[in-house]
Amino acid sequence: MNNPAKVLISGYYGSGNAGDEAVLSGIKTSFEKTAGETIQLTVLSQNPTLTTSQHNLSAVYRMDRKRIREELSNTNLLLSGGGSLLQDTSSLRSLLYYLWVCHTAMSMNVPVMFYAQGIGPLKRKISRALVRNIANRAAFLTVRDASSAELLRQIGVHNPNLEVTADPAFCLQPADKQRILAIFREADIPSDGKYIGVALRSWSEGNLVSSPSQYAKLLDALEEITGCTPTLIPMQLPQDLKIADKIASLRPQTLILRSHLTPSELMGIIGEMHAVVAMRLHALIFAARMQIPMIALNYDPKVDTLMHQLELPEFQSHWSQFDPSVVATKTHELIESWPSRKENFNRITVNLQTSSLRSAEIANLLLK
């Protein structure tokens, strides 16, 4: 039997972000479906022990440059992604790190593939130049949406090996129903209730800052207009729990899921909701995967891009400058119209699931 090909994955893994962990689970699932046991995956992680425990994958510390070089010396392909790695909104340092990993692989003659990445925003001239340099030298580029492909072209990427696929999280499978019911019991949430999942995060932009009082008013409006009980679903711990607790201090009856949950468990929980209202991208992707009506609180171009992909662009509001009653009314309208929308929505999401496998298929071709 031939030895398995070795693939090293670079991304924002092992940091407690459910969206990124869903991406990693989706990548693993994609390779299992397309390559079986002929591929050996290793992950660059902030917490290798946690990553190995959660995903049953070999992992090394992402900031250990010596160890990264050692891994690359015995690697057949570097996957950069998925997720929103190549952007300079959070920090330039983060962008430089991910590009350094790619550059190091290229200097060691290891092929590099962008894997279902969401590109941008790239606000700085130096950011655009550095991404252009690496992207033009990559063996292949797959991006999760057409906007990312267009941005690469705009900044001067002329690599012909560029294809739009989809976020790997669309490959994820939800946890089984019994596990979801157990999570509800552990949280003292009746399983026969009608709930709206709400996934919020702290954010700031210019003079605007996340407002717990505004979010508390949103939960009140959702309950009043839809008749469903809002339930906060933190997607990154402990960060999202902090704002959840601030909301609960203003609205003591607020339900919060506090447990550390896997992406599959979160997807299964969202599948039990009547609707989802979310800032977090992957809470929206989980809702799409589970055919649940969703309203987006848009804080980043990637959210708007997803809502256009799902043909629901009108069902989003600004993350800060929104009217709680308007968002709640939109949620109610979408719930009411969902039966007539569901067939077309199912077609869209099935296509995205198929597209999400395409990145792994391309990686397999590179390995051959």
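## Salt bridges, cores and contacts in a predicted model

Asp167 and Arg144 form a salt bridge, with their closest N and O atoms 3.5 Å apart. A salt bridge here is a side-chain nitrogen of Lys or Arg within 4 Å of a carboxyl oxygen of Asp or Glu. The pair links distant parts of the chain, 23 residues apart: Asp167 is in the loop between β7 (162–164) and α7 (177–186), and Arg144 is in the loop between β6 (140–143) and α6 (146–154). Helices (H or I, at least four residues) and strands (E, at least two) are DSSP runs, numbered from the N terminus. Both Asp167 and Arg144 are buried. Buried means under 20% relative accessible area, exposed means over 50%, and partly exposed is in between (1.4 Å probe, protein chains only).

The model is predicted, so local features need pLDDT of at least 70 and side-chain atom pairs count only at pLDDT 80 or more, while totals for chains, interfaces and linings use all residues. Residues are numbered from 1 along each chain as its sequence is written, and side-chain values use heavy atoms, with hydrogens and water left out.

### Other salt bridges

The count comes to 15 salt bridges. Three of them are listed here.

| Acid | Base | Closest N and O atoms |
|---|---|---|
| Asp167 | Arg144 | 3.5 Å |
| Glu265 | Arg179 | 2.8 Å |
| Glu361 | Arg358 | 3.7 Å |

Glu265 forms a salt bridge with Arg179. This pair also links distant parts of the chain, with Glu265 in helix α10 (residues 263–270) and Arg179 in helix α7, 86 residues apart. Glu265 is buried, at a relative accessible area of 11%, whereas Arg179 is partly exposed at 27%.

Arg358 and Glu361 are 3 residues apart in helix α13, so about one helical turn separates them. An α-helix has 3.6 residues a turn, so residues three or four places apart point the same way. Arg358 has a relative accessibility of 28% and counts as partly exposed; Glu361, at 35%, also counts as partly exposed. Elsewhere, salt bridges that share partners join Arg144, Asp145 and Asp167 into one network.

### Nonpolar cores

A nonpolar core is a set of buried Ala, Val, Leu, Ile, Met, Phe, Trp, Tyr and Cys residues joined through side-chain atoms within 4.5 Å. The largest one has 74 residues, of which Met294, Leu297, Leu310 and Leu312 touch the most other members. Helix α13 (residues 324–367) gives the most to this core, with 8 residues. Apart from it lies another core, of 34 residues, among them Val60, Cys102, Val131 and Ala138. In soluble globular proteins, nonpolar side chains tend to be buried together.

Leu297 lies in strand β14 and is buried, with a relative accessible area of 0%. Leaving aside neighbours within four places in sequence, the contacts of Leu297 include Leu200, Leu218, Val277, Trp319 and Phe322, where contact means heavy atoms within 4.5 Å. The C-alpha atoms of Leu297 and Leu281 are separated by 9.6 Å, and the two residues are 16 residues apart along the chain.

Leu310, not counting residues up to four places away in sequence, touches Ala288, Met294, Phe345, Ile348, Thr349 and Leu352. Gln291 lies in the loop between α11 (281–289) and β14 (294–298). Gln291 is buried, with a relative accessible area of 14%. With the sequence limit of up to four places again applied, Gln291 touches Trp338, Lys342, Phe345, Asn346 and Thr349.

### Helix α3

Ile68, Glu71 and Leu72 are buried in helix α3 (residues 65–72). They cover an arc of only 100° around the axis, which puts them on the same side of α3; the arc is that of the directions from the helix axis to the C-beta atoms. The cover over the buried residues of α3 includes β1 (5–13), β2 (39–45), β3 (58–61), β4 (77–83) and α4 (92–107).

### Aromatic rings

The whole structure has 6 aromatic pairs. Rings of Phe, Tyr and Trp (its six-membered ring) pair if their centres lie within 6.5 Å; planes under 30 degrees apart count as stacked, over 60 as edge-to-face and the rest as tilted. Tyr215 and Phe322 form a stacked pair, 6.1 Å centre to centre with 10° between the planes. Tyr215 lies in helix α8 (residues 212–226) and Phe322 in the loop between β15 (316–318) and α13, so the pair ties together parts that are 107 residues apart in sequence. Tyr215 is buried at 1% relative accessibility, and Phe322 is buried at 8%.
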